[in-house]
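Hello,

Here is the structure I promised to pass on to you. Please open it first, and then read my notes beside it.

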Amino acid sequence: MVLWYENPRPLQGFLKKLRRANRSQSRKVRYSKNWQKAKKRLQAIHYRIACIREDAHHKATTDIVSRVSTIGIETLKITNLLKNKKIAKALSDSALGGFLSKLEYKADRHKVEIVKAGSFFASSKTCSRCGHKIQDLTLSDRTYHCSECDLRIDRDLNAAINLCPS
């Protein structure tokens, strides 16, 4: 069973307010009463973003561990993923490291097995039916098509099946 959860993207939603509050604080005389008030407003926005993110993580991880008996995870280096300028802000906004730590402790608490695939395991390039591996698959190819067994499947679904086949 493959579960999908929407990312609430709290940073994206509060970016305009965050920028305005940051600009407001930067225009105040440092350490004055008005600067401290502006700092509190800025901290409140950051706190709200963090709370939305935490809430989404807790709801998703609780739902996941209550539904399944085994969880398959790719152990990717998040810091390397953040080097890509096009996806860095979206990945930072989702806070994957915090999500994985919550998932691990809740899985341990509910006695759910976690299967970790290595960083170099080609989960999306390997056919989930016959095991054939396609080397020239790019990120823009959203559908996996196996030339050996003629399987056509969504790329992410294929990777999920490869990570946790049971």
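Below is what I found, from the whole chain down to single residues.

Please keep in mind that this is a predicted model.

**The chain as a whole**

Six helices and four strands make up the secondary structure of the chain. If you follow the sequence, they come in the order α-α-β-α-α-α-β-β-β-α. The radius of gyration is 21 Å, well over the 15 Å that the globule rule gives for 166 residues, so the chain is more spread out than a compact globule. You can see this in the C-alpha trace too, which spans about 70 × 40 × 20 Å along its principal axes.

Of the 166 residues, 30% are buried. The accessible surface comes to about 11600 Å², and carbon and sulfur atoms account for 53% of that. As for contacts between residues at least 6 apart in sequence, 62% of them join residues that are at least 24 apart.

**Salt bridges**

How many salt bridges does the structure hold? There are six, and I will walk you through some of them.

One of them pairs Lys102 with Glu54, where the closest N and O atoms are 3.2 Å apart. This pair links distant parts of the chain: Lys102 sits in helix α5 and Glu54 in helix α2 (residues 33–67), with their positions 48 residues apart in sequence. Their surroundings are worth a look as well. Lys102 is buried, with a relative accessible area of 8%, whereas Glu54 is partly exposed at 37%.

Another salt bridge joins Asp63 and Arg67, with 3.1 Å between the closest N and O atoms. These two residues are four apart in helix α2, so about one helical turn separates them. Asp63 is partly exposed, with a relative accessible area of 22%, and Arg67 is partly exposed too, at 48%.

Then there is the salt bridge between Asp156 and Arg142, whose closest N and O atoms are 3.0 Å apart. Asp156 belongs to helix α6 (residues 155–163), while Arg142 is in the loop between β2 (113–117) and β3 (143–145), so this pair ties together parts that are 14 residues apart in sequence. Asp156 counts as partly exposed, at 33% relative accessibility. Arg142 is also partly exposed, with a relative accessible area of 38%.

**A lysine without a salt bridge**

The residue I would most like you to look at is Lys106, in helix α5 (residues 96–109). Is Lys106 buried or exposed? Lys106 is buried, and yet it has no salt bridge. Which side chain of opposite charge is nearest to Lys106? That is Glu54, 8.5 Å away. A salt bridge needs the side-chain nitrogen within 4 Å of a carboxyl oxygen, so Glu54 does not qualify as a partner for Lys106. You have met Glu54 already: it forms the salt bridge with Lys102.

What Lys106 does have is a polar contact of 3.0 Å between its side chain and that of Thr61. Leaving aside residues up to four places away in sequence, Lys106 touches His58, Thr61, Thr62 and Val65. If you display Lys106 with these four residues, you will have its contacts beyond its sequence neighbours in view.

I hope this helps you find your way around. Do write back with any questions.

Best wishes

How values were computed: Residues numbered from 1 in each chain as written. Predicted model: local features only at pLDDT ≥ 70, side-chain atom pairs only at ≥ 80, totals over all residues. Heavy atoms only, no water. Buried < 20%, exposed > 50% of the residue type's maximum accessible area, 1.4 Å probe, protein only. Lys, Arg positive; Asp, Glu negative; His and termini not counted. Polar contact = N/O pair within 3.5 Å; in protein donor to acceptor, adjacent residues only side chain to side chain. Contact = heavy atoms within 4.5 Å. Rg over C-alpha atoms; globule rule 2.2 N^0.38 Å. Areas by Shrake-Rupley, 256 points an atom, 1.4 Å probe, with all protein chains shown as cover.
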